[in-house]
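Please look over the chain and its fold before reading on. The report below is meant to be read alongside them.

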Amino acid sequence: MSKPVPTSDATAPYAPTPGPRNALTDVLGLRVGHASYTGDGALTGVTVVLAPPGGAVAAVDVRGGGPGTRETDALDPRNLVPRIEAIALTGGSAYGLDAVSGVVAWLEDQGRGFPVGEAPHEVVPVVPAATVFDLGRGGDFRRRPDAALGRLAVERAAASSEGAAVPTGCVGAGAGAVVGGLKGGVGTASCVLEGGVTVAAVAVVNAAGSAVDPVGGLPYGVGLGLPGEFPLSAPEHGEHAAALDRFAADGPDGAADGPPPLNTTIAVVATDAALTRAQAHKMAGTAHDGLARALRPVHTLYDGDTVFAMATGAKPLPAVPADTPYGIDAETAALAAIQAAAADVLTRAVVDGLLAAESAEMAAGTVPSYRSLYPNAAVRYRPRN
């Protein structure tokens with residue numbers, strides 16, 4: 001009988017607990033909306049993270065070798081726009097960035113964006129975005145996200161209640177996601193640090209690398225789960241051997257004789273702490289460590305791994321004492337904890353996206369989910385949706 005996998009470490013430098021939903025929306029004010037095209041050759045979608053009116057401080061760190069992005073230069077701390085109203089995550093590779101125009105149009109209708117004139121409607125909404133490669137996975141290379149789908153995703157985000165649950169798995173930008181030969185999807189996670197600051201993430205898990213350790217068959221990032229979050233058991237030998245045979249037969253993207261996988265994992269990490277744009281940029285960069293813990297290899301030339309950061313500023317950082325030795329003060333300590341938590345919640349969001357996904361019929365054949373290949377290991381796991 002295999003033993004449950006431990007998912008907590010009593011010696012950790014901080015002891016976070018999950019937020020009420022264990023989701024990005026635990027950062028109050030942020031809302032998430034999904035929209036997908038499925039069927040008739042389509043398997044793709046859009047996920048929008050909507051900031052509260054007035055926007056949020058934002059930043060980005062791009063480390064993959066093949067990124068598809070929009071408006072990322074606007075997030076450079078040296079540049080003009082101080083806050084943004086939304087971030088879009090989309091399928092469809094570079095074509096899918098068309099979906100962002102629908103998000104921009106909706107924001108314009110609401111008078112939300114960077115003001116460029118005296119009239120309320122004279123705004124320019126800046127919507128940073130990143131895309132994953134899922135072209136042709138539903139069978140039709142030309143079925144990909146467009147402006148109408150982007151508008152639907154942001155409308156659904158706006159219509160959701162504050163703190164609402166975030167649907168995960170094969171939804172939104174995760175509809176056609178694949179990770180290391182398994183079905184990928186959208187995952188999310190959150191934590192509340194000592195002092196009440198919340199840090200959370202949402203990820204679209206669609207990596208050229210694998211999320212599963214080939215030695216034992218468990219997700220690489222499962223050990224960073226909070227107590228009870230990922231109640232998996234180590235796979236028995238026969239179950240793992242059968243899974244390895246399936247991987248060898250199908251290849252990394254569902255077809256052993258197909259082209260190299262062109263994927264990408266994209267994510268948003270967020271906090272309710274008051275961060276400067278430079279501090280948010282550091283949080284986005286640190287969060288990439290979370291991808292490295294959950295995916296191997298990561299940041300390859302086949303990936304466009306991109307992490308956005310958002311800070312709503314609802315909670316101030318601790319005051320800085322007047323006489324602090326060595327420059328280590330309360331603010332520095334708080335920033336370090338937030339940055340460490342950003343990496344951990346992103347790892348957990350990747351694991352959540354892997355486990356929440358369901359097997360899917362794609363053009364290359366059936367792409368299995370982790371739970372379908374390892375039913376005994378995941379028998380106690382229940383998706384949150």
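The sections that follow go from the whole chain to its sheets, and then to single helices and residues.

## Overall form

The structure is a predicted model, and the secondary structure of its protein chain comes to seven helices and 16 strands. The radius of gyration is 20 Å, close to the 21 Å that the globule rule gives for 385 residues, so the chain is as compact as a globular protein of that length. Taken along the principal axes, the C-alpha atoms fill a box of roughly 65 × 50 × 35 Å.

Of the 385 residues in the protein chain, 56% are buried. Among contacts with a separation of 6 or more, 79% are between residues 24 or more positions apart. The chain exposes about 15300 Å², and carbon and sulfur atoms supply 56% of that area.

## The five-stranded open sheet

Five strands form an open sheet in the order 1-2-5-8-4, with mixed pairing. Its edges are strand 1 and strand 4 (69-70), each of which pairs on one side only.

Strand 1 (residues 31-39) and strand 2 (residues 42-50) run antiparallel and are joined by nine bridges, with G33 having V48 of strand 2 as its bridge partner. These two strands form a hairpin with two residues between them, and D40 in the turn has a positive phi of about 55°. Elsewhere in the sheet, strand 5 (residues 86-90) and strand 8 (residues 129-131) pair in the parallel sense over three bridges, and the bridge partner of T90 in strand 8 is T131.

## Strand 14 and its two partners

Strand 14 (residues 306-315) is mostly covered, with seven of its 10 residues buried. One partner is strand 3 (residues 57-62), which runs antiparallel to strand 14 and is joined to it by six bridges; within this pairing, V60 stands opposite F308. Another partner is strand 13 (residues 266-273), which pairs with strand 14 in the parallel sense over seven bridges, and here V269 has A309 of strand 14 as its bridge partner. From strand 13 the chain crosses through helix 5 (residues 277-294) to strand 14, and this β-α-β crossover is right-handed.

Which residues does D272 touch, leaving aside its neighbours within four places in sequence? D272, placed in strand 13, is in contact with V27, G196, V197, T198, T312, G313, A314 and K315. With a relative accessibility of 6%, D272 counts as buried, since the cut-off for that class is under 20%. On strand 14, T312 also counts as buried, at 13% relative accessibility. Leaving aside neighbours within four places in sequence, the contacts of T312 are V27, L28, L30, A56, R83, T271, D272 and A273. V27 therefore appears in the contact list of D272 and in that of T312, where contact means heavy atoms within 4.5 Å.

## Residues in helices 2 and 3

W106 is placed in helix 2 (residues 99-109) and is buried, with a relative accessible area of 10%. Not counting residues up to four places away in sequence, W106 touches L50, R112, R151, V154, E155 and A158. By contrast with these contacts, the C-alpha atoms of W106 and E194, 88 residues apart along the chain, are separated by 37 Å.

L149 lies in helix 3 (residues 147-159), where its relative accessible area of 2% makes it buried. How far apart are the C-alpha atoms of L149 and G45, which are 104 residues apart along the chain? They are separated by 7.4 Å, and G45 is one of the residues that L149 contacts, the others being A35, S36, Y37 and V46 once neighbours within four places in sequence are left aside.

## Helix 6

Helix 6 (residues 330-356) offers a check of length against geometry: at 1.5 Å a residue, its 27 residues should span 39 Å, and the end C-alpha atoms are 38 Å apart, which agrees. Helix 6 is also mostly covered, with 20 of its 27 residues buried. In general, an α-helix has 3.6 residues a turn, so residues three or four places apart point the same way.

Methods. Residues numbered from 1 in each chain as written. Predicted model: local features only at pLDDT ≥ 70, side-chain atom pairs only at ≥ 80, totals over all residues. Heavy atoms only, no water. Helix = DSSP H or I, 4+ residues; strand = E, 2+ residues; numbered from the N terminus. Expected span 1.5 Å × (residues − 1). Buried < 20%, exposed > 50% of the residue type's maximum accessible area, 1.4 Å probe, protein only. Pairing = 2+ DSSP bridges. Right-handed = clockwise from strand over helix to strand, strands pointing away. Rg over C-alpha atoms; globule rule 2.2 N^0.38 Å. Areas by Shrake-Rupley, 256 points an atom, 1.4 Å probe, with all protein chains shown as cover.
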